[in-house]
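Have the sequence and the 3D view open side by side. We will walk from the cysteines to a strand, and then to the empty spaces.

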Amino acid sequence: MRLLFVMTLGAVACSDYSLVDEKDPPLPNADSGGPPETTPDSDPPTRFDPPEDSDRPVDTGPEPRCEDLYFPAEPAPETTSCAEPIPVGALNPVVKWQKSSWSWSPTSSGVFMAPVVAQLSDDNGDGVIDALDTPDIAVISTGVGIPFLRVVSGDTGAELLNLTLGDFQLGSSLAAADLDGDGSVDLVGVTEDGAVRAFERDGTVKWTSGAYPDAMALNGDVVSIADMDGDGSPEVIVGALILNADGTTRGVGAGGCGRTFFGGAVSVPADLDGNGVLELATGNTLYDPDGNILWQNDELDGAVAVADMDLDGLGEIVVAGFTRLRLQDTDGTVLWEQTLGTSFNDSVASVPTIADLDGDGVPEILLMRRESLQAWTAAGQLFWDTPAIDTSSGSVSTTVFDFEGDGAVEVVLADQFTVHIYEGATGVELWSSTAHGSGTIIEYAIVADVDGDHHAEIVFGSNGSVTGLTVLEDANDSWMDAPRYWSQHGETFTAVAEDGAVLPAPTPNWPSRNNFRVPPLTTAGGERPLPDPLVTLDDLCELRCEQGELVVYARVGNGGTEPFTGPVTVVLEGVNDAGSVQLDTATLTGPFPPTMLTEGVRLEAQGVDALGLRDLQVRVETTAEDCEPANNLVSIGRAPCGE
C-alpha cells in the first residue's frame, strides 16, 4: 500500500536572506552525505532575516547559492499516541511458504531439528544487521546421509546460505548467538564424533572443539548457549560438555548427559537455586560451570526441562526417560515419579515442555508418547491425553502459544504425520494438517515472528512424505506478536537477546513466566507501538526563478516509537489548473529510527516558468505503517517564484 504523508510548512524562501558569509567555507550539498567541515577557529555559517521593522536595504554579503544549504539529521518531535489497540485474533492457519528443496543439493532436504531463528543478514543494505532486517531461519538438512547447513529468509524462504557439513550428526540441533561480542550471530552444531563446531553467519568456520563422545549421545544432541558464571563470556553446552566461547574446553561432566531413549543428549543450563550462577541440569546429575558434580542421584538419565513446579521460588527438574516421568527438586530429591510403561511400544517419552495450560498459575508438563500427547500436572497426575502419533522415536517435543490473545493458550505439535494445534486446557484438537511427515528424532515446531510483521508464525521441518521447511501464518494476520528469534532447542528467552547477544548471568524465567520452550505471550487489549513516517519541507530556494528552476530541501522523519525500514520515495510536485505534475523524486533506503529526521534531501524542478504553477508540494511514498496518515502533505500554499 502506498501512503501519503502531510505536514505543515515550516520554511521561507532562501532568496529573502543571505545564506553564507564570505569568510566561511561553503556548505556541502545534502547529497554529499555529511555535515559541513569547519576549521577550529571558525564559527558555523549563520542565516538571518532582515529586521521586521526596517524598510532599509540590508547588506547580505555575497550572492547566496542554493547549493550552500545543508540540513543535518536531528531528533524529530515524537508523535503523541502513536500506537494501535491489539484486537483478539482468530485461529485460521494457512501456509505462508513451504520450501521442499534447495538449489544446491536439492535432494538433501529432510529437516530433523527444531529450526532456530536469528538476524543473520543485512536485508535493507544499510550495513547493519538489526531489528530493521528480516529474521532468518537456520536448519540442518539431510538426504542420503549428507547434512547441509541451510539459512533462508523468514519472509519468503529465499536461500541465503547453503553449506556442506559432511560430518554433522543426523538430527542434531543448532544454537544461534553472538559468541564473541562482535555484533554478529554465530551458529553452533555437533559433529558425529562428538566435537562442537561454530560458524560465522556467512558459513565460515569459527572454531572446532575437541571430540568428547562420552559426554553426549552422538545422535540428535542439543546445543545450548548461556553465560553460566556471569563473566560476560558465554559457554557452549552439549550434554555434559561445557566449552568456553572460543571452543576451548572448560569442563567435562562424569555423570549424566540428559540422554533420551532415542539417543539425543538434552541437558539444560539454569540457575536452579537462585545464587546468580547457572548449573547444568541432566536427568540424574547437576554440574557447576566447570563440569564438577554438585549432586548425583541413582536415577536413570533422561531429557530435561526446568521450571518452578512447586512455586517455592526455586527451580525443579522435569525428567522424561524410557519408562519414567519424574520431578526432581533443586537438590536432586525425587518429588514424584510415574511409570509410563514396560516396553518400547507403550513407554517411550519425549523431550518435555512446561507451560501453564489452564491459566491457574501452576505449570503443567507436556509429553509426547508413541500414540498420544499427554499433559501432566505439577503434582504428577495425568491432566489430559489426546491422540497423536510418533511410533518412530516417541521423542518429538511441543511448544505453547496464545495465538488469539484471549488468555487461553494452544499447544503446537508436529508429530510423525500431522501438524496439530490443541486447546491447552483440554487437549481438544482445534486444527490439523497432514502436509507434514517425519521419521522424528527430537525436533518440534516453534513459534516466532519470522517476517517482522508483529504477528506470530509457526515454523517446522519435515523429512517424510513432505520435506524441507514450512511456515504457517494466520489467514488474516491476526495472531499475537511473538519474538523475532528462537536461539536454541531449550529456549527460555532469558539467555540470549533478540539481537543474538548472550545475556550475562541470565535470571530464571519462573518469577515472571514459569515455562520452558514457550515464547512470551501477548494478550489482546493492550497497544502496539507504530512508526510515523513523515516529511518536512525545510527550504524552498527561489534564487533560480529567472531560469525557470527551483531547489527544494526536505527531510524524511519518523515521529513514532517503532522503527521502520525503506525504501521511501520523496516526490516533489507542482500544482496548476490542470492538476499536479511530478517534478523530481529521491529514494531513501533507511533505516528510519524512532523520533529522528534524516539529512536534507535535495529536489530540483526544471521549466517551472512554463507550468503555470500555483502551489508546490512534497510527499512521501512508503509501504511502512503510519500512525498519523492524515497529516502528510507539505505545501508552500502559494505560487512559487512570486507568481
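Cys257 counts as buried because its relative accessibility is 5%, and buried means under 20%. Keep in mind that this is a predicted model.

Now turn to the cysteines that form bonds. A disulfide is a covalent bond between the sulfur atoms of two cysteines. How many disulfides does a search of the whole structure find? There are three.

Start with Cys66 and Cys541. Their sulfur atoms are 2.2 Å apart, and the two residues form a disulfide. This disulfide links distant parts of the chain. Cys66 sits in the segment before β1 (74-75). Cys541 belongs to strand β37 (residues 533-541). The two cysteines are 475 residues apart. The torsion about the S-S bond of Cys66 and Cys541 is about -80°, so this disulfide is left-handed. Are Cys66 and Cys541 buried or exposed? Both Cys66 and Cys541 are buried.

Next come Cys82 and Cys627. Here the sulfur atoms of the disulfide lie 2.0 Å apart. The link of Cys82 and Cys627 also joins distant parts of the chain, 545 residues apart. Cys82 is in the loop between β1 and β2 (83-85). Cys627 is in the loop between β43 (615-621) and β44 (634-635). The link of Cys82 and Cys627 is left-handed, with -105° about the S-S bond. Cys82 has 6% relative accessibility, so it counts as buried.

One more pair is Cys545 and Cys641. A disulfide joins them, with 2.1 Å from S to S. The link is left-handed, with -80° about the S-S bond. Cys545 lies in the loop between β37 and β38 (550-558), and Cys641 lies in the segment after β44. These two cysteines are 96 residues apart, and their disulfide links distant parts of the chain. Which side of the buried cut-off does each partner fall on? Cys545 counts as buried because its relative accessibility is 19%. Cys641 has a relative accessible area of 24%, so Cys641 is partly exposed. The cut-off for buried is under 20%.

Now find strand β26 (residues 364-368). This strand is mostly covered: five of its five residues are buried. In a regular strand the side chains alternate between the two faces of the sheet. Look for that pattern in β26. Glu364, Leu366 and Met368 point one way, while Ile365 and Leu367 point the other way. Residues on both sides of β26 are buried.

What runs beside β26? Strand β25 (residues 353-355) is antiparallel to β26, and three bridges join them. Ile354 has Ile365 of β26 as its bridge partner. Strand β27 (residues 372-376) is also antiparallel to β26, with four bridges between them. Ile365 stands opposite Trp376 in β27. Between β26 and β27 there are three residues, and the two strands form a hairpin.

Finally, look for empty space. Rolling a probe the size of a water molecule over the atoms shows where empty space is left. The structure holds four cavities of 30 Å³ or more. The largest cavity has about 190 Å³ of space. Which residues are closest to its centre? They are Pro269, Ala270, Thr492, Thr494 and Ala495, out of 21 that line the largest cavity. β13 (223-226) and β17 (268-270) each supply at least two residues of that lining. The lining divides into twelve nonpolar, eight polar and one charged.

The second largest cavity holds about 50 Å³ of space. Its lining includes Val117, Tyr485 and Asp499. Seven residues of this lining are nonpolar, three are polar and two are charged.

Pockets come next. The largest pocket has a volume of about 660 Å³. Of its 28 lining residues, Gly452, Asp453, His454, Arg484 and Pro563 are the closest to the centre. The lining of the largest pocket has 13 charged, eight polar and seven nonpolar residues.

The second largest pocket has a volume of about 320 Å³. It is lined by 21 residues, and the closest to its centre are Asp356, Val409, Arg513, Asn515 and Leu521. The lining of the second largest pocket has twelve nonpolar, six polar and three charged residues.

How values were computed
Residues numbered from 1 in each chain as written. Predicted model: local features only at pLDDT ≥ 70, side-chain atom pairs only at ≥ 80, totals over all residues. Heavy atoms only, no water. 1 Å grid on protein atoms, 1.4 Å probe; cavity = no way out; pocket = protein on both sides within 12 Å on 5 of 7 lines; lining within 4 Å. Points joined across faces, edges and corners; volume = space filled by probe spheres on them. Nonpolar A, V, L, I, M, F, W, Y, C, P; charged D, E, K, R; others polar. Disulfide = S-S within 2.5 Å. Buried < 20%, exposed > 50% of the residue type's maximum accessible area, 1.4 Å probe, protein only. Pairing = 2+ DSSP bridges.
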